[in-house]
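I opened this model to look up its charged pairs, its rings and its core. My notes follow the order in which I checked them.

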Amino acid sequence: AEVMELLFGGFNKTMPLQKLWFGGFNVKGCLTPLTNSLHFFSKLRALRLVQVIMDDQDLFGLLESLRFLPNLEILRVESKGLAPADSSAAQVNTVYCVPLRKCKEVTLKGISLTQTIAALLGQLLPEMSSLTKLVLTGLVGSVVPAEQMERLFDGFTEELPLYRLDFSGFSVRGCLAPLTRSFSSFPNLKSLSLKNLNMDEHDLRGLLE
């Protein structure tokens with residue numbers, strides 16, 4: 001935490017930074033200095049965190065801080081190992097985020113969909129009116145109950161230009177319906193990848209229908 005504070009805690013004015021790539025570090029529970037610094041990078045267009053070890057609260061804080069980045073076009077997070085944390089203290093009650101209308105690509109790999117993370121994504125994603133690529137990949141076998149699936153996918157009401165959707169690595173047995181219902185908002189979809197979801201017969205039938 002001390003090193004992260006030394007690295008990112010010194011920003012005190014707006015910077016013209018357009019790309020930020022941070023990777024290869026174990027920052028479990030210590031990502032806050034970086035997420036707080038995003039307030040000074042309002043012109044950021046691409047944010048990539050690759051091969052990082054963090055916890056659920058780190059991911060929630062990062063997603064929450066996206067409201068500072070109205071010009072963001074590409075978000076990519078590849079967690080090398082998402083350690084569990086107590087996310088119960090974080091609440092997502094209302095849509096307070098600046099709509100990321102320029103965002104075209106969202107890739108979140110190696111994540112867990114807690115209630116708060118699913119709820120926050122459920123607010124952010126439907127407002128991304130330019131979104132063309134969405135990749136959500138969990139650790140194989142991580143369970144996503146019906147409530148989280150509804151929080152994540154039931155907010156899509158308007159059509160998006162999405163042409164690639166990859167939702168893989170989660171156990172959603174008997175809970176896939178919110179995802180398939182959202183297809184009506186993705187008429188331009190060209191690529192659909194659903195792997196390692198532990199679906200049941202009803203999920204498969206609903207998907208095919």
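The entries below start with the ground rules and confidence, then go through the contacts.

**Ground rules.** I am working on a predicted model, where local features need pLDDT of at least 70, side-chain atom pairs count only at pLDDT 80 or more, and totals for chains, interfaces and linings use all residues. Residues are numbered from 1 along each chain as its sequence is written, and side-chain values use heavy atoms, with hydrogens and water left out.

**Confidence.** I looked up pLDDT, the predictor's confidence in each residue from 0 to 100. The chain averages 91, and 91% of the residues score at least 70. I noted the lowest mean, 82, in E3 and the highest, 98, in strand E7 (residues 191–193). Helices (H or I, at least four residues) and strands (E, at least two) are DSSP runs, numbered from the N terminus. Residues 85–90 stay under 50, with 11 contacts beyond four places in sequence. Contact here means heavy atoms within 4.5 Å. Where pLDDT is low, the predicted coordinates should not be read in detail.

**Salt bridges.** I searched for a side-chain nitrogen of Lys or Arg within 4 Å of a carboxyl oxygen of Asp or Glu. The structure holds 5 such salt bridges. I took down three of the pairs, beginning with Arg 45 and Glu 73, whose closest N and O atoms are 3.5 Å apart. Arg 45 sits in the loop between helix H2 (32–37) and strand E2 (46–55), and Glu 73 in the loop between helix H3 (56–64) and strand E3 (74–83), so the bridge ties together parts 28 residues apart in sequence. For exposure I used relative accessible area: buried is under 20%, exposed over 50%, partly exposed in between (1.4 Å probe, protein chains only). Arg 45 is partly exposed, at 38%.

Glu 147 and Arg 151 bridge at 3.4 Å, N to O. They are 4 residues apart in helix H5 (residues 146–153), about one helical turn. Glu 147 is partly exposed at 39%, and Arg 151 is partly exposed at 32%.

Asp 154 and Arg 181 bridge at 3.2 Å, N to O. Asp 154 lies in the loop between H5 and strand E6 (164–171) and Arg 181 in helix H6 (residues 177–181), so this pair ties together parts 27 residues apart in sequence. Asp 154 is partly exposed at 37%, as is Arg 181 at 47%.

**Rings.** I paired rings of Phe, Tyr and Trp (its six-membered ring) with centres within 6.5 Å; planes under 30 degrees apart are stacked, over 60 edge-to-face, the rest tilted. The whole structure gives 7 aromatic pairs. Phe 153 and Phe 167 have centres 5.4 Å apart and planes at 80°, so they are edge-to-face. Phe 153 is in helix H5 and Phe 167 in strand E6, 14 residues apart. Both are buried. Ring pairs join Phe 153, Phe 156, Phe 167, Phe 170 and Phe 186 into a cluster.

**Core.** I then asked for nonpolar cores: buried Ala, Val, Leu, Ile, Met, Phe, Trp, Tyr and Cys residues joined through side-chain atoms within 4.5 Å. The largest has 57 residues, and Leu 47, Leu 63 and Phe 167 have the most contacts inside it. Helix H4 (residues 115–124) gives the largest share, 5 residues. Which residues does Leu 63 contact, leaving aside neighbours within four places in sequence? They are Leu 75, Leu 108, Ile 117, Leu 120, Leu 121 and Leu 124.

**Helix H3.** H3 is mostly covered, with 7 of its 9 residues buried. Leu 63 is among them, as are Asp 56 and Asp 58.
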